[in-house]
Amino acid sequence: MNLLDLALRNIKNNIKKHIMFFFSMTFSVFTVYTFLALVQNQQVNDAFIYDGRYRAVLLAFGVIIMVFVMFFLISSNNSFIKARKREISTYSLFGMSHGRIGKLIFLETLLVGLTSLATGIGVGIFFSKLTTMILLSVTVISFSGDVALDIDLKAIYLTAIMFISVFSMMGLSGLWVINRFQLVDLFKAEKRSEGKGKGSYILLIISLILIGWGYYLASSNNPYNLVMMAIPILVLVISGTYIFFWGGLPKVLSILKRNKRKYYRGVNLIAITSFSHRMRSISSVMATIAVLSAVATTAIATGFTLYSNIENNGYDTIGYDLFFYAGEDDGILQEVEEIFSRHDVEITQQAQVPLYRTYPKLEAIEIEGVTFYNEEYYFRVYSQTAYNELVNMSKSKIAPLEIASGKAVWFIRADVPRVMEIMKEQTLDFTDLNIEVSDVLVNTFLHFGSIYSLVLNDEDFSHLLLENQIVKEDKVGRGAGEVNVFNFNNALQNAELNSDLNKVLYQNAGGYRTAYSHYSEARETFGLISFIGFFMSGVFILMTASLLYFKQIMAAEEERHHYKTLRKIGMDYITEKRAITRRLLPVFAIPLLIGILHSIFAMKTADTMVFSHLMPMGNSYRKVLFFSSMMYGAYGFVYSIFYFITKGQYRKIIR
Amino acid sequence: MQILKVENISKIYGSSKRDKEYMALKNISFEVIQGEFIGVMGASGSGKTTLLNILGSIDKPTTGKIIMEGKDIAKYSKNQLSTHRMKNIGFIFQDYNLLETMTLKENIILPLALHGTKINDIENRLSVLVKDLGILNVLDKYPYEVSGGEQQRAAACRALITQPKIILADEPTGNLDSKSGKDLLHLLTYINDEYNATILMVTHDVFAASYCKKIMFIRDGEIYNELHAGNDKKQFFDSIIDVMSVLGGEER
């Protein structure tokens, strides 16, 4: 019998375990191939506005997935080999050299690997039309639904090369594991402790303090602090998590052991001792899963939430379907109107509002060396009536204002609480009038070229206009003129109209935005993120779950004699079942629960940073939580499938 | 007092259809009385381990009765058997089979924990036993941290803690050097004397068997002979050797 026959026979005998490899590898091959093929796909590249950025993002995530897959495949494979220690030592006993055994194991890996490589690429090609269509329909607005089947040789070639090198690394590290086996181990049962972490109170407390501190910082309501603190929060929580799994969890178990009433129940005794015995070999994996699942869930839930809110966000950011101002010549408006009639698009709302500026005196605002206001700044200024007209026409959720005489509302572009506090205390000094700032609000689209805007009472406004305190031109005599705002039908669907508008406005207008452009850029970005996130989380779930599976199979091989003894001293079938459940459930559940806890806080941070601040939206926290609970639902589902498969295998092994 | 009565048990392996059946035990009957220390001897393949497994209710006889406390154990269901094993039978295995994931204490109380005994009860029974067998100081150590003798005694404690009707020992000296083997035999004798524990030990080691009070020899699944220890240990030893040489067993 040559090595190939033996390898094939081994695969056949261990088919269930190999199938686990096969599935997780096939899915990662599928993902990597799909990413590479999409990077190469001309049609997709043409459809994207920022095709360079698109390729870079997709490639970067492809590389991240590859590294991740490599790490998990190698450790899964090593656990698998350890689980087969008995078999491998037997080969060794019959005189097979370690090199030859390594070759045999490598051959098995290669056979399963190449099969999954071929299957993964095959599935990738088969679904390439579908994946391209999905990508285009989530990212590109005017996607017609027609995609050519594209078999990309370069992508196949690259995927194959990458995975074959991963398989080779698996083979090498497997050889290293085999070389460390001692033949004597075959004859000795696993007598030595594999290293039960004893844990310590200090580590437990340190880990809780680190995590708690991270949580405390993360739940701050100040987005600027959060931006500054993002890295410290990550460091605190991640290090806290690892320390918890390394030193804290074993201590928790030993605290549990003190409750003798519970601990001295047979099932708990068996489950807790063997779980704490495995602690060291599995704690890093559990910590990694907890951290990664929190990061992935938060990122993807944020991405999905952003994606689902692009339309609302868009209007909150730019207000109208179209605005432009500061045209060089007066013919623009006419030209724009011509374009509309040429495309046969009805303008539903249209307004022209003159743009004024003003230079009141007030003290310079400076925080920690950053200037927020000095005499070089100016304000865009509106009367209450003009402001309310603009706001009422806009598609944002901003409400009209009523302003008392002698008061003003100061608008800034972004939510900066510390600065806003100071601005609120200011009095604007005009030559014959002092106006108090009554409120500071955020608005992103009404500035039309300036940094800040003011809204005044109508009478104050006309008084200051008469006094020449409010002017149209700046100090060198250039004015912003009027702003023209439009709302029209099907604004987010009409690509041709948008490109014609862009052509005219790009050359002639001082500043302009179209909802369509904004919308399509946002869709492109967040659609791509969501698309990548979906695949990443798929690879991630499968890889981590199968690693846990292999680790537990390895443990089952080593714990088999326990159950033999236990049955002899009178453990019945039901107790055995319950003991195994209690033994395995924590391995799958604890990392997931800690991941959920992490991401609840991470989501709060994302909410503060992104949604309350950069892109305000209602009920955002609830929405993010909803998406992440969907994600965790999916995680929980896949994990419980793996848990039941593991349990079944475990029971079969110890029988 | 009679502890156990075996009536006509037989064990047949394999299926009768293909004519491949093999009769490991043939109509064996005997009684075990409280406080006996019985050795079961026989050559490899004589059926002694099968007998032990059946007595320990790990295996079921094909025909026959095993009566304990007036009930036939051969008729018990799987779960009844588990309870029965827990309550009535203590095992001492060849490698002690202490679980390496548990401390000695946890190993010893395991049968009681599985049974759901109250903590006070557990602690009381434990403290009496471990003081007596001298492993009080190493209770919180793991098996690989203590000496072989201490492991032995812990295994004996585990077998004794349920106060079983009978202790079954399967080649307990098989893996031991002569010194440890001797220690274990002294321990079994001590348990037998002090606790009036009933012990049934399977062995093919003549020296080990010479510690028993009574020896049953098995050949080809049948009881071939019985020997009772007299006052003279040397003479008992010699007569065991005589029987074994006929049976074809080995000697140390």
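These are my notebook entries on a predicted model, covering confidence, chain B, a nonpolar patch and salt bridges.

**Entry 1. Confidence**

I started with the global scores. The model has an ipTM of 0.82 and a pTM of 0.80. For chain A I read a mean pLDDT of 84, with 94% of its residues at 70 or more. Chain B averages 85, and 96% of its residues score at least 70.

Next I went through the elements. In chain A, helix α8 (residues 184-187) has the lowest mean pLDDT, 62, and α9(A) has the highest, 92. In chain B, the lowest mean is 83, in helix α2 (residues 78-88). Strand β8 (residues 199-202) of chain B is the highest there, at 92. I keep one caution in mind: where pLDDT is low, the predicted coordinates should not be read in detail.

**Entry 2. Chain B as a whole**

I looked up the make-up of chain B and found 8 helices and 10 strands. The C-alpha trace spans about 55 × 45 × 35 Å along its principal axes.

How does the radius of gyration of chain B stand against a compact globule? A compact globule of 252 residues would come near 18 Å, and chain B has 18 Å, so the two agree.

I then checked burial and contacts. Buried residues account for 53% of the 252 residues in chain B. Of the contacts in chain B with a separation of 6 or more, 69% are between residues 24 or more positions apart. The accessible surface of chain B is about 11200 Å², and carbon and sulfur atoms hold 46% of that surface.

**Entry 3. A nonpolar patch on chain A**

I turned to the surface of chain A. A:Y201, A:I205, A:I209, A:W213, A:Y216 and A:I255 make a nonpolar surface patch of about 660 Å². Which element gives the largest share of the patch? Helix α9 (residues 201-218) of chain A does, with 5 residues. That helix also has the highest mean pLDDT among the elements of chain A.

I picked out A:I209, which sits in helix α9 of chain A. Its relative accessibility is 52%, so A:I209 counts as exposed; the cut-off for exposed is over 50%.

**Entry 4. Salt bridges**

I counted salt bridges over all chains and got 22. I followed three of them in chain A.

The first is A:E436 with A:K407, at 3.3 Å from N to O. A:E436 is in strand β9 (residues 433-442) of chain A and A:K407 in strand β7 (residues 407-412) of chain A, so the pair ties together parts 29 residues apart in sequence. Both ends are partly exposed: A:E436 has a relative accessibility of 42%, and A:K407 has 29%.

The second joins A:E557 and A:R560 at 3.2 Å, N to O. Both lie in helix α19 (residues 515-568) of chain A, 3 residues apart, which means a separation of about one helical turn. A:E557 is buried at 17%, whereas A:R560 is partly exposed at 30%.

The third pairs A:R583 with A:E559, with the closest N and O atoms 3.1 Å apart. A:R583 belongs to helix α20 (residues 573-614) of chain A and A:E559 to helix α19 of chain A, so this bridge ties together parts 24 residues apart in sequence. Are these two partners buried or exposed? A:R583 is buried at 1% relative accessible area, and A:E559 is buried at 0%. Through shared partners, salt bridges link A:R278, A:E558, A:E559 and A:R583 into one network.

How values were computed. Residues are numbered from 1 along each chain as its sequence is written. Chains are lettered from A and ligands numbered from 1 in the order in which they are written. This is a predicted model: local features need pLDDT of at least 70, side-chain atom pairs count only at pLDDT 80 or more; totals for chains, interfaces and linings use all residues. Side-chain values use heavy atoms; hydrogens and water are left out. pLDDT is the predictor's confidence in each residue, from 0 to 100. Helices (H or I, at least four residues) and strands (E, at least two) are DSSP runs, numbered from the N terminus. Patches are made of residues with over 30% relative accessible area and no salt bridge: like charges are joined within 9 Å, nonpolar side chains (Val, Leu, Ile, Met, Phe, Trp, Tyr) within 5 Å. Accessible areas come from the Shrake-Rupley method with a 1.4 Å probe; for residues, only the protein chains shown count as cover. A salt bridge is a side-chain nitrogen of Lys or Arg within 4 Å of a carboxyl oxygen of Asp or Glu. Buried means under 20% relative accessible area, exposed over 50%, partly exposed in between (1.4 Å probe, protein chains only). The radius of gyration is taken over C-alpha atoms; the globule rule is 2.2 Å times the number of residues to the power 0.38. Contact means heavy atoms within 4.5 Å.
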